[in-house]
Amino acid sequence: MIIALDGPSGAGKSTIAKLLASKLNYEYLDTGAMYRAVTKYILDNKIDIYDKNLLISSLKNIRLDFNKSHIYLNGVDVENTIRSETITKEVSEVSSIKEIREFLVEMQRNIAKNKSIILDGRDIGTVVFPNADYKFFIVADVKIRAKRRFDQYKSDQTLEQIEASILKRDQYDSNRKISPLKKAKDAIIIDTSNLTIDETIEKIYNYIRG
């Protein structure tokens, strides 16, 4: 069983996916964390983010693993260091590169083989697993998304700056040529603007379990 959760930044995909996976006793794969981990490697090694050939050649030095919902980059737990503002600012640029997406999509498909798994991202239901058993597109009002991000992470940015950053990323992700953010035709829209996490999970669970 494969369940795909897609949607824009700050809509609550990762939190929902983790808790839903626990409720269903499924595995969970945070694909967004994979792109963030690759971005961290690039920034940590001072690789020019606009040098496409250098970025592609660096992939052979990157190994990603998951353990207890934490992502490991070359053996180091980076779960709590990939959410920085610096990485958030650059991850869309990195994830727009075709070869990097292909590298990670293949990894995602291999991880999900023969498993009951929930994956969240921006192109799970459209590109990675177009034949997923269930597809959900998680949305929320941008002001609510910004407030959640503001409350969730310690940041020097104001609420208004975070909102502007989210809008900029939405625009970028939705209009990139490679695997843009968009709802799969057969995905179910879940608007979390006025729902609690528990209410959202229950709503999705009822779709799956009938």
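Select S179 to begin: S179 is buried, with a relative accessible area of 14%, where buried means under 20% relative accessible area, exposed over 50% and partly exposed in between, for a 1.4 Å probe and protein chains only. The loop that holds S179 lies between α8 and β8; helices (H or I, at least four residues) and strands (E, at least two) are DSSP runs numbered from the N terminus. Although S179 is not a glycine, its phi is positive, at about 45°. Most residues other than glycine have a negative phi.

The model is predicted, so local features need pLDDT of at least 70 and side-chain atom pairs count only at pLDDT 80 or more, while totals for chains, interfaces and linings use all residues. Residues are numbered from 1 along each chain as its sequence is written, and side-chain values use heavy atoms, with hydrogens and water left out.

Move next to K46, in the loop between α2 and α3 (52–58). K46 also has a positive phi, near 55°, and is a residue other than glycine. K46 counts as exposed, at 74% relative accessibility.

Now display the five-stranded sheet. This open sheet has the order β2-β6-β1-β7-β8, and its pairing is parallel; two strands pair if DSSP finds at least two bridges between them. At its edges are β2 (27–30) and β8 (188–191), each of which pairs on one side only. From one strand to the next, the twist averages 20°. Helix α1 (residues 13–24) packs on the sheet and touches β1 (2–6), β2, β6 and β7 (134–139), contact meaning heavy atoms within 4.5 Å. The direction of α1 makes about 175° with that of β6; axes are lines fitted to C-alpha atoms, for helices over the stretch in contact, and angles run from 0 to 180 degrees between N-to-C directions. Select α9 (residues 197–209) as well: this helix lies across β1, β7 and β8 and runs at about 160° to β7.

At the β2 edge, four bridges join β2 to the parallel strand β6 (residues 117–121). Here D30 stands opposite D120 in β6.

The second sheet is open and has three strands in the order β3-β4-β5, with antiparallel pairing. Its edges are β3 (64–67) and β5 (76–77), each with a single partner strand, so one side of each has no neighbour in the sheet. Four bridges link β3 with β4 (residues 70–73) in the antiparallel sense, and D65 is found opposite Y72 in β4. Across β3 and β4 lies α2, running at about 30° to β4.

Keep α2 (residues 31–44) selected and add α4 (residues 85–95): their axes come within 9 Å and cross at roughly 105°. The two helices α2 and α4 are therefore roughly perpendicular to each other, a term for angles of 65 to 115 degrees, with under 35 counted as roughly parallel, over 145 as roughly antiparallel and the rest as oblique. Residues of α2 in this contact include Y35, V38 and I42, and those of α4 include I87, V91 and V94.

Finally, select α7 (residues 142–152), in which V142, R145, A146 and R149 are buried. These buried residues fall within an arc of 100° seen down the axis of α7, so they line one face of the helix; the arc is that of the directions from the helix axis to the C-beta atoms. They pack against α8 (159–175). On the other side of α7, K143 and D151 are exposed.
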